[in-house]
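User: I have a model open and want to learn how to read strand pairing and residue surroundings. Can you take me through some cases?

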Amino acid sequence: MFKEYILDNNLTVVYECMNHLKSVSFGVWIGVGSRNETRQKNGISHFIEHMLFKGTKTRTARDIAFAIDKIGGEINAFTAKDCTCFYTKTLDSDLETAVEILSDMILNPLFNPVHIETEKKVVLEEISMYEDDPEEYVHDLLTEEMWSDGPLGYPVLGTAESLNSITRDDLFEHMSHFYIPDNCVIAVVGNFEENRLLEIIDKYFGGWKSIGYCRLPETRPDIRANFVYRKKDIEQTHICLGFRGLPMSDERIYALMVLNNIIGGGMSSRLFQKLREERGLVYSVYSYPTMFRDCGMFTIYAAANPEMAEEVVRIIGLELKNLIENGITENELIISKNQFKGNYILGLDSTSGRMNAYGKSKIITGVVNSPEKVLESIENVSKKNVTDLLRLIFSEGKSSAVILGESPVSLTALECLQF
């Protein structure tokens with residue numbers, strides 16, 4: 001069972017001891033992402049994530065890498081729309097070393113001007129890499145179109161223009177606003193002695209003091225309905241459809257995950273069976289929900305031969321219409337719930353999986369549900385819960401579509417997605 005502890009500086013620690021293991025996953029979660037940026041400084045959260053690995057007042061980037069490799073550990077980070085996470089996975093005997101390294105990176109960044117310019121080139125290559133991958137790129141385009149009225153639509157990586165405008169002073173200013181104990185959660189899962197863990201965290205993070213304030217979005221973003229075609233010289237037509245979703249704190253997210261499994265969340269889903277197994281029209285087709293602090297979206301993706309793209313869109317529309325009008329079957333409900341429970345339990349088998357679940361939930365919603373509570377919530381999902389969501393997402397919500405490829409899909413075909 002996980003526990004929570006708050007240091008004197010308001011830094012929250014969520015932890016679970018698993019004494020049968022020999023490893024520990026340690027994560028520092030900051031409540032800042034691309035949605036906390038301006039258009040001019042878009043990408044600064046992600047760039048700070050990169051720069052914290054480039055050296056501190058006492059360590060070079062090489063020192064950081066060698067210190068982790070020396071103990072056979074792992075260190076990494078990622079930036080999302082709502083949060084940034086720095087994490088390690090090490091042997092239990094090396095926990096303090098990992099904590100000390102992460103605290104040094106986060107609390108004592110150097111931001112060497114030479115390294116800033118070098119790392120900008122690295123991130124520009126990362127941006128180019130994503131734009132060269134049509135499957136990745138089309139999802140970013142959809143997010144940008146659906147949330148185009150605010151920063152939730154900004155790309156996490158930023159743009160070449162915004163990245164080049166970021167200065168060293170901007171980095172320190174951004175950190176002073178968001179990298180504060182009140183806006184941070186430390187999540188730890190693995191083998192450790194409880195009192196010793198809290199002593200170590202207090203030793204390295206207890207002196208962390210707030211030197212600014214945290215700006216959180218005050219207005220709830222609104223989805224914009226839009227249909228966009230982007231021409232790109234590629235073999236397939238990539239289809240990305242977006243609909244209304246739910247915020248991460250909404251109790252209906254369990255019903256939404258069950259619904260997702262039925263629509264396109266796995267090999268037994270309706271879209272996979274219909275489009276790939278029965279008709280052979282696609283190799284890749286899937287759906288997934290994205291949940292933010294105060295809103296969400298539901299995405300359906302497929303890639304097909306340009307000549308078959310309109311037929312793929314038409315079949316997706318027919319399947320969604322069938323679901324709205326006739327609902328799901330009892331057998332689909334049972335299979336989907338079992339699939340959901342199995343995937344969830346398997347994800348908790350690793351210390352990193354549990355650390356991610358606890359840290360993300362706490363930093364975004366302020367609450368962590370026990371595995372027992374989650375499994376109970378999944379089991380309690382009813383056919384009516386799923387049916388109500390079908391209408392909310394597809395009938396009452398706005399929808400967007402992005403088509404990426406050599407030729408567009410007609411508006412007539414896309415109209416079948418309006419219910």
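Analyst: Start with strand pairing. This is a predicted model. Strand β4 (residues 74-79) and β5 run antiparallel, joined by six bridges. A hairpin of four residues links β4 to β5.

User: Which residue in β5 is the bridge partner of E74?

Analyst: K89 is the partner of E74.

User: How many bridges join strand β3 to strand β5?

Analyst: Eight bridges do, between β3 (residues 23-30) and β5 (residues 84-91). These strands also run antiparallel. For one pair in this register, take G27, whose bridge partner in β5 is Y87. So β5 pairs with β4 and with β3, since two bridges are enough to call a pair.

User: How should I think about side chains along a strand?

Analyst: In a regular strand, they alternate between the two faces of the sheet.

User: Now a single residue. Is Y301 buried or exposed?

Analyst: Y301 lies in strand β10 (residues 296-304). Its relative accessibility is 1%, so Y301 counts as buried. The cut-off for buried is under 20%.

User: What does Y301 touch, leaving out residues up to four places away in sequence?

Analyst: Y301 touches E135, V138 and H139. The list continues with H238, I239, S284, V285 and Y286. With H238 there is also a side-chain polar contact of 2.7 Å.

User: How far apart are Y301 and C240 in sequence and in space?

Analyst: They are 61 residues apart in sequence. Their C-alpha atoms are 4.6 Å apart in space.

Note on methods. Residues are numbered from 1 along each chain as its sequence is written. This is a predicted model: local features need pLDDT of at least 70, side-chain atom pairs count only at pLDDT 80 or more; totals for chains, interfaces and linings use all residues. Side-chain values use heavy atoms; hydrogens and water are left out. Helices (H or I, at least four residues) and strands (E, at least two) are DSSP runs, numbered from the N terminus. Buried means under 20% relative accessible area, exposed over 50%, partly exposed in between (1.4 Å probe, protein chains only). Contact means heavy atoms within 4.5 Å. A polar contact is a pair of N or O atoms within 3.5 Å; within protein, one must be able to donate a hydrogen and the other to accept it, and residues adjacent in sequence count only if both atoms are side-chain atoms.
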